[in-house]
Amino acid sequence: MDSVLRAAFIYFFLLIVFRIAGRRTLSEMTTFDFVLLLIIGEATEPVLLGDDPSVVYAAIVIITLLFINIAMSLIKSRWKTMEKLMDGVPTIIVEHGRLMQDRMSTARVSRDDVMEAARRMHGIERLEQIKYAIVEVSGGITIVPQASG
Amino acid sequence: MKPRHSKLASLASDDAYAKASGRNSKPKEARSVQVDEDMVWQRRTWTIQRLGWLAMGGLVLTALTGVFGYGPVSCQQATDPAGLVRVEYERFQRQGSEFTLRVDVAPQATADNVVPLRVSGSFLDAVEVKGIAPEPREARSLGADIEYMIPVAQSGQAATIRFALKLREVGSHSAEIGLSGREPARFTQFVYP
């Protein structure tokens, strides 16, 4: 019982904390972000396993985490609100070459980020060539170029 | 057939519509890109995130004060009414953590080369005694409580007894530590899970 509760608590705790931290924090990972993620993993490990290194305990914890994850994906596919709550919604930040400044600043996306994504994906040189730029749920920026090119 | 037609129409008029609608007056219908955007939701999320960051910062500062254990707020002292025993303890602790409880005994109480120290049973239920320095000469049961007979080298000198403890039970528990036959020092500890 203890192991299931611990795993469930950690699952939802991390879900909430990472949702609050925002999608731009760990999505475009730098080396340091990666190190930070490893440290966070280290910090949760003793809470999950406690001082019981038995195989059964570890198996229960792993299965509980995976089960919650599957259950959550099922809930998400059934209820749209739940999906929005857990994953967020995509946001358009450039429309027809026009930056939407207020959205960009709150989403912590700079003009340089948009241009970088535009260069990387479509070899776009100027802002006017972008039809839409969207911050996706995953945290990446998607660029739709103007039809004329 | 009809809905598709209107969709095509909106596709074609996308540019014109967006220009006509000006800055931000709901050009959602006109967008050719099929993004499931929900700006009301998004703005609410951003607000909640900002509040969450504040809460996280607040939590870090609170943790620095020691409200979650080991800090200036947490480190406290309790004295018995007669002023013979002073206990240094942590007000807030965490389950499973080990800490040292320091008991200072005044010179008046160290006669006969022995200090009879009484520790309440409710406290001993909540903690596990890993060790006592100096080792008691004798430990006796006094009802639910335990009386430790702590040896002292020089009678009439102040003595310090250290208890190495490990916290077992979650929640608030009160403790009484004092010389047997006298009013003990009382304190309360809160143990986080």
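This passage walks through the confidence scores of a predicted model, then two helices of chain A and the strands of chain B.

The scores come first. The predicted model has an ipTM of 0.70 and a pTM of 0.68. For chain B the pLDDT averages 81, with 84% of the residues at 70 or more. The weak spot in that chain is residues 1-29, where the pLDDT is below 50. Leaving aside near neighbours in sequence, that stretch makes 15 contacts in the model, so any reading of it should keep the pLDDT in mind.

Two helices of chain A make a handy pair to look at. Helix α3(A) covers residues 31-49, and its first and last C-alpha atoms lie 27 Å apart, close to the 27 Å expected at 1.5 Å a residue. There is hardly any cover on α3(A): of its 19 residues, the number that count as buried is zero. After the helix comes A:G50, with a positive phi near 60°.

Helix α7(A), residues 111-122, also agrees with its expected length: its twelve residues should span 16 Å at 1.5 Å a residue, and the end C-alpha atoms are 16 Å apart. Burial is another matter here, with A:V114, A:A117 and A:A118 as the buried residues of α7(A). Viewed down the helix axis, these buried residues fall within an arc of 100°, so they line one face of α7(A). That fits the general geometry: an α-helix has 3.6 residues a turn, so residues three or four places apart point the same way. The buried residues of α7(A) pack against three strands of chain A, namely β1 (91-95), β3 (130-135) and β4 (141-145). The other side of α7(A) carries A:D112, A:R119 and A:R120, which are exposed. Just past the end of α7(A), A:G123 has a positive phi of about 60°.

Over in chain B, the secondary structure amounts to four helices and eleven strands. Of the 193 residues in this chain, 21% count as buried. Among its contacts between residues at least 6 apart in sequence, 62% link residues at least 24 apart.

Six of the chain B strands form an open sheet with mixed pairing, in the order β3-β11-β10-β5-β8-β7. Its edges are β3(B) (92-94) and β7(B) (138-142); each has a single partner strand, so one side of each has no neighbour in the sheet. From one strand to the next, the twist averages 30°. Within this sheet, β5(B) (residues 114-119) and β8(B) (residues 145-151) run antiparallel and are joined by six bridges. One facing pair is B:V115 and B:I150, the latter in β8(B).

Strand β9(B), residues 159-167, shows a neat alternation of side chains. B:A159, B:I161, B:F163, B:L165 and B:L167 point to one face and are buried, whereas B:T160, B:R162, B:A164 and B:K166 point to the other and are not buried. Two strands pair with β9(B) in the antiparallel sense: β4(B) (residues 98-105) does so over eight bridges, and β6(B) (residues 127-133) over six. On the β4(B) side, B:F99 stands opposite B:L165, a residue of the buried face of β9(B). On the β6(B) side, B:E128 sits opposite B:K166, which belongs to the face that is not buried.

Notes:
Residues numbered from 1 in each chain as written. Chains lettered and ligands numbered in written order. Predicted model: local features only at pLDDT ≥ 70, side-chain atom pairs only at ≥ 80, totals over all residues. pLDDT = per-residue confidence, 0-100. Contact = placed C-beta atoms within 7 Å. Expected span 1.5 Å × (residues − 1). Buried ≥ 20, exposed ≤ 12 C-beta atoms within 10 Å, placed from the backbone. Arc of directions from axis to C-beta. Pairing = 2+ DSSP bridges. Axes fitted to C-alpha atoms, helices over the stretch in contact; angles between N-to-C directions.
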